Amino acid sequence: MTNISLPAISVLKDQAKRLRSSLAAEGTVIGHSKSLEMLARQYGYRDWNTLHAASGNRPATYTFALGQRVEGLYLGRPFTGQVHAVSSVGADGWHRVTLNFDCPVEVAGIEGMPVTRSRVSATLGPNGRTVEKTSNGQPHMVIN
């Protein structure tokens, strides 16, 4: 076993998905189960079940870096983009993040009156969500 701090299960599964995609791009096609097993071995565990148990089922904790690619929802609309600026806010995993969207996001929701944003800033918690919510109760921003 290893002494490194393990990511949450959702992060590990995303890593396995990216591993599978990278291998496929190079001509090696593997199944999802195989990518999970390979990922477990990369972390020093004999198989996925052992890695899963070691990681536990805690929620993901998000960290951000300049230039990092992200995707999620902004005002309920999907986006992909890049971190333009980031700063820590307190010691509890909160970050002030400015994102440049790949494609402008429609924010008004009024037919015939498009209002778009290409860059937005938000304060995101360790769960990748804002505290501020829209009128329907959804967070302003959610990072996947």
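In this predicted model, residues I9, L12 and K13 of helix α1 meet W48, L51, H52 and S55 of helix α3. The residues of this contact divide into four nonpolar, two polar and one charged. Further along the chain come the strands, since the elements run α-α-α-β-β-β-β-β from the N terminus on. An aromatic cluster of Y74, F79 and F101 is found among these strands.

**Helix packing**
- Helix α1 covers residues 9-25 and helix α3 covers residues 48-55.
- The two helices pack at an angle of about 145°, and their axes are 10 Å apart.

**Overall make-up**
- The protein has three helices and five strands.
- Taken along the principal axes, the C-alpha atoms fill a box of roughly 55 × 40 × 30 Å.
- Of the 144 residues in the protein, 32% are buried.
- The accessible surface comes to about 8,800 Å², and carbon and sulfur atoms account for 50% of that area.
- Of the contacts between residues at least 6 apart in sequence, 44% join residues at least 24 apart.

**Strand pairing**
- Strand β1 (residues 69-74) and strand β2 (residues 77-89) run antiparallel and are joined by six bridges.
- These two strands form a hairpin with two residues between them.
- L75, in the turn of the hairpin, has a positive phi of about 50°.
- Y74 in β1 stands opposite R77 in β2.
- Strand β2 also pairs with strand β3 (residues 94-106), in the antiparallel sense and over eight bridges.
- W94 in β3 is the bridge partner of V89.

**Aromatic cluster**
- The whole structure contains two aromatic pairs.
- One of them is formed by Y74 and F101, with ring centres 5.7 Å apart; the planes stand at 45°, so the pair is tilted.
- This pair links distant parts of the chain, with Y74 in strand β1 and F101 in strand β3, 27 residues apart.
- Y74 counts as buried because its relative accessibility is 15%, under the 20% cut-off.
- F101 has a relative accessibility of 7% and therefore also counts as buried.
- F79 and F101 form an aromatic pair that is tilted as well, at 4.8 Å centre to centre and 45° between the planes.
- The pair of F79 and F101 likewise links distant parts of the chain, from strand β2 to strand β3, across 22 residues.
- F79 is buried, as is F101.
- F101 takes part in the pair with Y74 and in the pair with F79, and Y74, F79 and F101 form one aromatic cluster.

**Surroundings of R117**
- R117 lies in strand β4, which spans residues 116-124.
- R117 has a relative accessibility of 37%, so this residue counts as partly exposed; the range for that class runs from 20% to 50%.
- Beyond its neighbours within four places in sequence, R117 is in contact with F101, P104, V105 and V107.
- Among these contacts is F101, which is also a member of the aromatic cluster.
- R117 and P78 are 39 residues apart in sequence, and their C-alpha atoms are 13 Å apart in space.

Methods
Residues are numbered from 1 along each chain as its sequence is written. This is a predicted model: local features need pLDDT of at least 70, side-chain atom pairs count only at pLDDT 80 or more; totals for chains, interfaces and linings use all residues. Side-chain values use heavy atoms; hydrogens and water are left out. Two strands pair if DSSP finds at least two bridges between them. Helices (H or I, at least four residues) and strands (E, at least two) are DSSP runs, numbered from the N terminus. Rings of Phe, Tyr and Trp (its six-membered ring) pair if their centres lie within 6.5 Å; planes under 30 degrees apart count as stacked, over 60 as edge-to-face and the rest as tilted. Buried means under 20% relative accessible area, exposed over 50%, partly exposed in between (1.4 Å probe, protein chains only). Contact means heavy atoms within 4.5 Å. Axes are lines fitted to C-alpha atoms, for helices over the stretch in contact, and angles run from 0 to 180 degrees between N-to-C directions. Ala, Val, Leu, Ile, Met, Phe, Trp, Tyr, Cys and Pro count as nonpolar, Asp, Glu, Lys and Arg as charged, and the others, Gly among them, as polar. Accessible areas come from the Shrake-Rupley method with a 1.4 Å probe; for residues, only the protein chains shown count as cover.
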